[in-house]
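Here is a set of exercises to work through with the structure open beside you. Try each task on your own, then follow the solution step by step.

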Amino acid sequence: MSADDFLSLVTQAVFLIVFADVAVKAIGGRDRARLDIALFFGVIVAIIGLSDFGRLTGTQTPVVESSLLGLVSLLGYVLVRIVDDFAPQRSWLMGATAAGTLVLIVAAFALPHPAPSWFAALSVAWFAALGGYASIAFARLATRTRGVTQRRMQAVAAGSGLVALAFMLAIVGVFAPAYASDLMIGTRLLALAGGTAYFIGFSTPVALRRAWQEPELRRFLSRAASLPRLPSSAAIVAELERGAAESTGAPSATVGLFDRHRNKLQYHERSGATFETEPDALIGGKVFTEGRPFFTADARRTDPANAQLYDQRNATAVIGAPIASDGRPLGVLLVYARRAPIFAEDDLSLVQLLADQAAVVLESRTLIEEAATVQAREEATRLKDDFLSAAAHDLRTPLTTLLLHAELLQRHARQDPGAPLELDRVASIVGEAHRLQELVTSFLDASRAERGQMLGRRETVNLAELVAETCARVAGNGRNCRSEVSGPILGSYDPDRLRQLIDNLVENALKYSSAESEVLVRAWRDSELAHITVADRGIGIPAADLPHLFDRFHRGSNVDDRRFQGLGLGLYICRAIAQEHGGEISAESELGQGSTFHVVLPALPVAALDLEEARPTLDIEAAPIEAIGPEAAGSGVGA
Ligand code: ADP
């Protein structure tokens, strides 16, 4: 066998293999694109068969010659149809190609035998021109896709270009018979290369497909690892959809998640809205309930009842794969394309791979959420434990003293029933009982604050009055408290809680400063807001404590428990009162220099002042502190 014969045999074998493969696919798939591809290779195989027949028999009957020329003309048209299957071509172009081909086929049978060489050259040139056109069209299409589809398009573009070149060399051979045999080798080599490129493009070996899929998959997988940590499930789904669309080269992808409690499939629209269906509705539902990947080249035909929905989403071809973990269905991944991707079988396995990865991401997300819930529960339990031990610890001291005095009283009364009542012991018992009551109240308040239930009935309150009253009471108690109030400052507040807030800040200011240093309380109104500040020149607060000052049980690191009694609940309760009124509280301080606490609350609009009966503006500086009267003194404000 000569080298030429061998080359020819291999080329024929390659085209035969591709034909067998695409024919099987066409029988299985039956869409126009697959039929056109099968027809294209069928025509090539027929051309090979007829030319071999001529070569073997040594004769060229008129029918064989006309058929050969007709088939060559037809080949170009079929190739342009395949281009049209991938991306619709202009109708005039398709019409002109069909008409030109028809004329050439008719001429092939009408012209006398043997056909003139110019006609043979014209038929071959027709194919070469259309093949060149197809090659450029496929190359351009390849730039618009990604992954495996892109590589296959590139291979088909190369195949078409090489086969067109092979035919062009053949024409040269017709007009330059002296070089015909050399040119024949070139033609055969180009045809073999073209056939191989077609083989790669249309009958891609699995190993090659995997290798081509790898970079896209790798990109998706490397991103997938960080997805479960995104802030919301919707953000994760959006990323999965983007990744799936990019990896498959499809314009869009959608993830439908199964809501077990409501028995619905939920799709998040890009607009942020949620689209909900029964678990077996639409193509997504079919994939979900059957638990198998699915491809349709025409969604409207597969599910005619919902054709409009597919139109709205530009979904002609749909590939769907179930998202499941350990056999537990979680949802579906759907990839849409405006036209049926010819290489759907590859994409089917890729989409299933992506869906499996999506399952891993969603499962990880669930685990992270469960872990967070457990952690929150543990934190709540820890806080409760802290609360209990702090409460028990703080209650024990006054309780022990109280019990001690009571037992002594009891023993003395037994020993000497007629002895006079030890009044100082009774006073101690009453004092400790009061302290216990205060502690229990603080704990109850803290637990109310925790639940956001601090406030009772609200009414119109004049803040200016409250501030002045507190300061006056404290001053009556012998401490140095000055108030600067410009009022009235009206707001809708719970008067008891607001009094508690101001009292607490003033008590702290007194507690954490020396007996003679001044505490300044100011209150004013600024547009729609009421402001209160309580400033002292006391021990101050370390900068490191400031961010935690309003936390439950937090006490400054500069505070000695034996010198300054306290639970670290006061400011926590103050913040809850301010916040439940729609306001805020903050603190500024310099260690050793003093602290200023600032409360801002919503105030009633100035117009509300007219509704209030005219009250005199309080000017405490003008009102002598002694004038407030001794009944205000001793009401519990003190260091
Ligand atoms: P308590 O006073 O019972 O410790 P608070 O919640 O009222 O609890 O205050 C929390 C902590 O904030 C105090 O322990 C103290 O360290 C600091 N603090 C509050 N007010 C002042 C202030 N006026 N000057 C200095 N430190 C203060």
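**Exercise 1. Start from a strand pair**

Task: Find strand S1 and strand S6, and work out in which sense they pair and over how many bridges.

Solution. Keep in mind throughout that this is a predicted model.
- Step 1: Go to residues 252-259 for S1 and residues 328-337 for S6.
- Step 2: Follow the two strands side by side; they pair in the antiparallel sense, over 6 bridges.
- Step 3: To fix the register, pick Thr-254, whose bridge partner in S6 is Leu-334.

**Exercise 2. Build out to the whole sheet**

Task: What is the order of the strands in the open sheet of 6 strands, and which strands stand at its edges?

Solution.
- Step 1: Read across the sheet, and you get S3-S2-S1-S6-S5-S4, with antiparallel pairing.
- Step 2: Look at the two ends. Strand S3 (274-277) and strand S4 (294-296) each have a single partner strand, so one side of each is left without a neighbour in the sheet.
- Step 3: Check the twist: neighbouring strands of this sheet are turned by 20° against each other on average, direction ignored.
- Step 4: Stop at the loop between S1 and S2, where you will find Asn-263. Its phi is near 55°, a positive value in a residue other than glycine.

**Exercise 3. Add the helices**

Task: Which strands does helix H9 lie across, and which does helix H10 lie across?

Solution.
- Step 1: Take H9, residues 233-248; this helix lies across S1, strand S2 (264-268) and S6. Its direction is at about 140° to S1.
- Step 2: Take H10, residues 282-290; this helix lies across S1, S2, S3, S4, strand S5 (317-325) and S6. H10 runs at about 140° to S6.

**Exercise 4. The second sheet**

Task: Describe the open sheet of 5 strands, starting with its order.

Solution.
- Step 1: The order is S8-S10-S11-S13-S12, and the pairing is mixed.
- Step 2: Strand S8 (481-485) and strand S12 (584-590) are the edge strands, each pairing on one side only.
- Step 3: From one strand to the next, the twist averages 15°.
- Step 4: See where the mixed pairing shows. S8 and S10 run parallel and are joined by 5 bridges, whereas S10 (residues 519-526) and S11 (residues 529-535) pair in the antiparallel sense over 7 bridges.
- Step 5: Walk across through Val-521 of S10: Ser-483 stands opposite this residue, and Val-521 in turn stands opposite Val-534 in S11. Another pair to look for is Trp-524 with its bridge partner in S11, His-531.
- Step 6: Turn the corner between S10 and S11. This hairpin has 2 residues between the strands, and Ser-527 takes a positive phi near 45° there.
- Step 7: Finish with helix H17 (residues 570-580), which lies across S12 and strand S13 (594-602) and runs at about 140° to S12.

**Exercise 5. A pocket among helices**

Task: Which helix gives the largest share of the lining of the second largest pocket?

Solution.
- Step 1: Locate the pocket, which has a volume of about 1300 Å³. Of its 36 lining residues, Ile-47, Ser-51, Leu-68, Ala-170 and Met-184 are the closest to the centre.
- Step 2: List the elements that give two or more residues to the lining: helix H1 (3-29), helix H2 (32-57), helix H3 (62-86), helix H5 (117-143), helix H6 (147-175) and helix H7 (180-202).
- Step 3: The largest share, 8 residues, comes from H6.
- Step 4: Sort the lining by class, and you get 24 nonpolar, 8 polar and 4 charged residues.

**Exercise 6. A cavity**

Task: How many residues of the second largest cavity's lining are nonpolar, polar and charged?

Solution.
- Step 1: A search of the whole structure finds 2 cavities of 30 Å³ or more. The second largest has a volume of about 50 Å³.
- Step 2: Its lining is made of Arg-146, Glu-216, Arg-219, Phe-220, Arg-223, Gly-243, Glu-246 and Ser-247.
- Step 3: Sorted by class, these are 1 nonpolar, 2 polar and 5 charged.
- Step 4: Helix H8 (206-224) and H9 each supply at least two of the lining residues, and the largest share, 4 residues, comes from H8.

**Exercise 7. An unusual peptide bond**

Task: Where does Pro-114 lie, and what kind of peptide bond joins His-113 and Pro-114?

Solution.
- Step 1: Pro-114 is in the loop between helix H4 (91-110) and H5.
- Step 2: The bond joining His-113 and Pro-114 is cis, with omega about -10°.

How values were computed
Residues numbered from 1 in each chain as written. Predicted model: local features only at pLDDT ≥ 70, side-chain atom pairs only at ≥ 80, totals over all residues. Heavy atoms only, no water. Pairing = 2+ DSSP bridges. Axes fitted to C-alpha atoms, helices over the stretch in contact; angles between N-to-C directions. Contact = heavy atoms within 4.5 Å. 1 Å grid on protein atoms, 1.4 Å probe; cavity = no way out; pocket = protein on both sides within 12 Å on 5 of 7 lines; lining within 4 Å. Points joined across faces, edges and corners; volume = space filled by probe spheres on them. Nonpolar A, V, L, I, M, F, W, Y, C, P; charged D, E, K, R; others polar.
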